[in-house]
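This report looks at a hairpin, a helix and the nonpolar cores of one protein model. Please keep the sequence and the structure in view while reading.

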Amino acid sequence: MPTKEEKDIVTGVDTTGHEWDGVKELNNPLPRWWLYVFYASIIFSIGYMVIYPSVPLGTTYFEGTAEYSDRQAVQDELAAVQESRGGILREIAGTDLAEIRNDADMLQYALAGGEAVFLENCAPCHGTGASGGPGYPNLLDDDWLWGGSLDAIQETIQYGVRWEPNDYSRFSEMPAYGFLGILDRDQIEATAHYVMSLSGLDHDMTLAAAGTEHFDMECVACHEEGGVGNRDLGAPALNDPIWLYGGSRDEIISQITLPRHGVMPAWENRLSAGTIKMLTVYVYELGGGE
């Protein structure tokens, strides 16, 4: 409750006349300099709101008297960077991939640019080191689903794999032998053991012998004799220890029964022709290119 103003006997400061439960409030006004800074901040913020984009107005906003836009500033900066790179990018776009690799300057630029593009666009699936993972191909080895030549890599990047919006995307799908009832459980297990024998995995020899017939009838058309694979069809080799979806008995049976199919987007509408070539050369030079 308000009381008579008086001077506090301990601090010597006047009170405000307010008291709560016997505690009196001291009259300590804010320093002048603090108030001046506070008022200046208010004036500055009002001026900032007038000059720069600030107040939301439903579906739009007050654009400010300076007509400044962060988005436009970024676009201008990107355009300037793109223009500075335009010369060599245009040169790369118009040069054959093999010639790029034989030109020291273009190769150096392509590898540096390709690495940056890879880390930004490809690493989320293939890993920063391009070593891949379950369901995502390793780009460091020689096991290529669609071929590891410069032209083959460029085509894969450009058109994608099973990317339906692109008419030129590469498509191949393994039938769901178990789900569709093409093979029964025993036939699938026998086929799995034969496939395991092709890559030197531990297997049941009796079941593998029985699985040979099923493999010849159902699988040879794509995976070829001996399971060497067919890159024209995107059919993986089955005679090596590299497995996209796992090489255990259960994982192979699962893939035969109800196969998984990966999808890679087409980059031709997202990256320029020169950028795709830089990325192609970079992936090729990782060590697994042919």
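Strands E1 and E2 form a hairpin with 2 residues between them. In the turn, Asp21 has a positive phi of about 50 degrees. The model is a predicted one. E1 and E2 run antiparallel and are joined by 3 bridges. Across the pair, Glu19 of the hairpin stands opposite Lys24 in E2.

| Strand | Residues |
|---|---|
| E1 | 15-20 |
| E2 | 23-26 |

Further along the chain is helix H11, residues 273-285. H11 has 13 residues and reaches 18 Å from its first C-alpha to its last, close to the 18 Å expected at 1.5 Å a residue. Because 11 of its 13 residues are buried, H11 is largely enclosed by the rest of the structure. Among the buried residues are Gly274, Lys277, Leu279, Val281 and Val283. Just after H11, Gly287 takes a positive phi of about 130 degrees.

The largest nonpolar core has 26 residues, and those touching the most other members are Ile100, Phe118, Leu279 and Val283. At least two residues of this core come from each of the helices H2 (70-93), H3 (97-102), H4 (104-121), H6 (150-159) and H11. H11 gives the most to this core, with 7 residues.

What is Ile100 in contact with, leaving aside its neighbours within four places in sequence? Its contacts are Ile92, Thr95, Met106, Leu107, Ala110, Lys277 and Val281. Apart from the largest core lies another core, of 16 residues, which include Leu183, Val195, Ile253 and Ile256.

Technical notes: Residues numbered from 1 in each chain as written. Predicted model: local features only at pLDDT ≥ 70, side-chain atom pairs only at ≥ 80, totals over all residues. Heavy atoms only, no water. Pairing = 2+ DSSP bridges. Helix = DSSP H or I, 4+ residues; strand = E, 2+ residues; numbered from the N terminus. Expected span 1.5 Å × (residues − 1). Buried < 20%, exposed > 50% of the residue type's maximum accessible area, 1.4 Å probe, protein only. Core = buried A, V, L, I, M, F, W, Y, C linked by side-chain atoms within 4.5 Å. Contact = heavy atoms within 4.5 Å.
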